[in-house]
Amino acid sequence: MNIANLLKVAIDAILRNKTRTLLTILGVVIGISSVIAMVSLGQSSQQSITEQVSSTGTNMIMIMNANQRRGGVNMGSSNAQSLSISDAEVIEKQATYISMVSPLVSASGQIVCGNNNAQGSLQGGSVDLLEIRKLTLAAGTNFSTEDIAKYSKVCVIGQTVVNNLFPEVSDATEVIGKDIRFKGIPLKVIGVLESKGNNSMGQDQDDVIIAPYTTVQKRFLGTNYLQMIYCSAVSEEYADDAVREVSLLLRENHRLSYEQNDDFEVRTQAEMLSMMNSMTSTLTILLAAIASISLVVGGIGIMNIMYVTVTERTKEIGLRMAIGARGKDILLQFLIESAILSLVGGVIGIILGLLLSYAGSLALDMPFVVSYTAIALSFLVCAATGIFFGWYPAKKAANMDPITALRYE
């Protein structure tokens with residue numbers, strides 16, 4: 001019996017029991033669609049993270065206070081005071097791989113304007129902070145070096161702050177020149193930032209007020225140390241050189257001996273991107289592995305149905321053998337039936353998985369990414385599932401004694 005006849009017989013046998021066929025392929029559909037959706041959404045999140053990190057500048061370098069340890073206990077870095085203005089000045093003057101530097105301090109509190117108020121944060125930086133973080137102004141101007149020297153009570157605000165404090169305003173230029181109060185101290189709005197939306201961690205990047213760092217230090221915090229220092233490498237390719245140079249300059253400025261550990265941490269956007277992508281990849285693999293369990297269940301369902309099919313068609317198998325069908329023809333016939341069930345379920349599962357991933361991308365506001373590798377692997381898995389789980393029932397059918405099969409009731 002040739003392949004064409006075997007295909008016709010297999011398709012006829014499958015179509016004779018439509019409901020059973022539908023229920024059989026359902027497990028494969030669920031398994032394949034789950035895997036496709038998980039992999040596609042994982043790649044979508046990776047692309048979203050990459051785009052967001054790139055929008056803040058891949059050559060950005062962040063210098064933070066190192067975690068403190070007391071009595072062998074990690075006390076964290078929130079209370080550390082190892083970074084100072086002199087550190088930022090040393091980097092700005094001596095680092096050859098750094099193009100811009102900005103100290104950073106921040107405070108949290110109540111923001112008030114008239115009858116409107118909201119909880120928010122005030123960040124203090126230099127005139128370069130906006131450029132380093134790739135923030136652009138939609139209206140107004142940035143503060144100046146003179147504002148920094150005079151601790152001027154001026155600020156630049158994000159779109160979320162505008163919406164919270166000036167809900168009646170439709171044009172950002174109308175906000176310029178107005179006063180807001182942070183912790184009871186007035187600040188004049190001189191600029192409004194363009195909207196950037198949420199970052200990869202779900203934080204609202206527009207819910208921010210930026211003022212001169214000296215203003216935040218002297219008028220709100222009463223401190224002279226820094227929480228962070230933002231730097232921008234001359235280019236992305238020199239980011240690693242910039243990190244090494246900054247580390248050496250800070251160790252020298254902090255008078256650390258060779259045996260002492262750094263009391264600061266230097267991180268690049270590329271490192272953060274690599275770490276976040278690694279976490280996303282691990283999570284995607286884990287979710288795909290969990291989803292693939294349903295594919296195994298679907299394969300077991302195929303094996304179970306093929307056993308039932310072999311039992312139901314015992315007389316048919318005996319008759320085919322009696323008129324000359326060979327064992328390998330019977331084996332191939334049932335393997336084809338099993339493979340068809342698996343592949344049909346796989347095709348439907350791939351389409352459903354793509355639809356689910358597209359819907360998930362829209363719901364999560366992420367780019368839609370089609371994983372062609374996952375689709376190709378799904379086809380291979382479907383074929384392998386049909387052959388693997390259909391082999392034993394098909395082998396059982398091929399090894400039947402025709403006389404015994406014909407006598408089967």
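# Exercises on a predicted model

The structure holds four salt bridges. The model is a predicted one, and the exercises below treat its charged pairs, cores, aromatic pairs and backbone angles in turn.

## Exercise 1. Salt bridges

Task: Determine which residue forms a salt bridge with D241, and where the two partners stand in relation to each other.

Solution.
- Step 1. The partner of D241 is R244, with the closest N and O atoms 2.4 Å apart.
- Step 2. Both residues belong to helix α8; being three residues apart there, they are separated by about one helical turn.
- Step 3. An α-helix has 3.6 residues a turn, so residues three or four places apart point the same way.
- Step 4. D241 has a relative accessible area of 23%, and therefore counts as partly exposed.

Task: Describe the salt bridges of K150 and R267, and classify the residues involved by accessibility.

Solution.
- Step 1. K150 is joined to E146, and the closest N and O atoms of this bridge lie 2.8 Å apart.
- Step 2. K150 is exposed, at 54% relative accessibility, whereas E146 is partly exposed, at 46%.
- Step 3. R267 meets E265 through their side chains, with an N to O distance of 3.8 Å. A salt bridge requires a distance within 4 Å, so this pair qualifies.
- Step 4. R267 is partly exposed at 35%, and E265 is likewise partly exposed at 24%.

## Exercise 2. Nonpolar cores and a nonpolar patch

Task: Identify the residues that touch the most other members of the largest nonpolar core, and the strand that contributes the largest share.

Solution.
- Step 1. This core has 65 residues, and those touching the most other members are I63, I91, I98, I157, F166 and I180.
- Step 2. Strand β4 (residues 98–113) supplies the largest share of the core, eight residues.
- Step 3. For one of the central members, I157, the contacts beyond four places in sequence include V162, F166, V175, I180 and V208.
- Step 4. A further core of 27 residues lies apart from this one; A10, V35, L331 and C382 are among its members.
- Step 5. In soluble globular proteins, nonpolar side chains tend to be buried together.

Task: Locate the nonpolar surface patch that includes L286, and state how accessible L286 is.

Solution.
- Step 1. The patch covers about 560 Å² and is made by L283, L286, L287, I290, I293 and V297.
- Step 2. L286 is placed in helix α9 (residues 269–312).
- Step 3. The relative accessibility of L286 is 48%, so L286 counts as partly exposed.

## Exercise 3. Aromatic pairs

Task: Of the three aromatic pairs in the structure, classify the one formed by F182 and F220 by its geometry.

Solution.
- Step 1. The ring centres of F182 and F220 are 5.4 Å apart and the planes make an angle of 70°. An angle over 60 degrees counts as edge-to-face, so this pair is edge-to-face.
- Step 2. F182 is in strand β8 (residues 179–182) and F220 in helix α7; the pair links distant parts of the chain, 38 residues apart.
- Step 3. F182 is buried at 0% relative accessibility, and F220 is buried at 12%.

Task: Carry out the corresponding analysis for Y358 and F368.

Solution.
- Step 1. The centres lie 5.2 Å apart and the planes stand at 85°, so this pair is edge-to-face.
- Step 2. Y358 lies in helix α11 and F368 in the loop between α11 and α12 (372–398), so the pair ties together parts that are 10 residues apart in sequence.
- Step 3. Y358 is partly exposed at 42%, and F368 is partly exposed at 36%.
- Step 4. F368 also touches S357, a residue of helix α11 (residues 327–364). S357 is buried, with a relative accessible area of 1%; its other contacts include A37, S40 and L41.

## Exercise 4. Positive phi angles

Task: Give the position and accessibility of Y151 and R255, two residues with positive phi.

Solution.
- Step 1. Most residues other than glycine have a negative phi.
- Step 2. Y151 is not a glycine, yet its phi is about 55°. Y151 occupies the loop between α5 (145–149) and β7 (154–157) and is partly exposed at 33%.
- Step 3. R255, also not a glycine, has a positive phi of about 55°. R255 is found in the loop between α8 (239–253) and β12 (264–268) and is exposed at 72%.
- Step 4. A glycine, G222, follows α7 and has a positive phi near 65°.

Methods
Residues numbered from 1 in each chain as written. Predicted model: local features only at pLDDT ≥ 70, side-chain atom pairs only at ≥ 80, totals over all residues. Heavy atoms only, no water. Helix = DSSP H or I, 4+ residues; strand = E, 2+ residues; numbered from the N terminus. Buried < 20%, exposed > 50% of the residue type's maximum accessible area, 1.4 Å probe, protein only. Contact = heavy atoms within 4.5 Å. Patch = residues over 30% accessible without salt bridge, like charges linked within 9 Å, V, L, I, M, F, W, Y side chains within 5 Å. Areas by Shrake-Rupley, 256 points an atom, 1.4 Å probe, with all protein chains shown as cover. Core = buried A, V, L, I, M, F, W, Y, C linked by side-chain atoms within 4.5 Å. Phe/Tyr/Trp six-rings, centres within 6.5 Å; stacked < 30°, edge-to-face > 60°.
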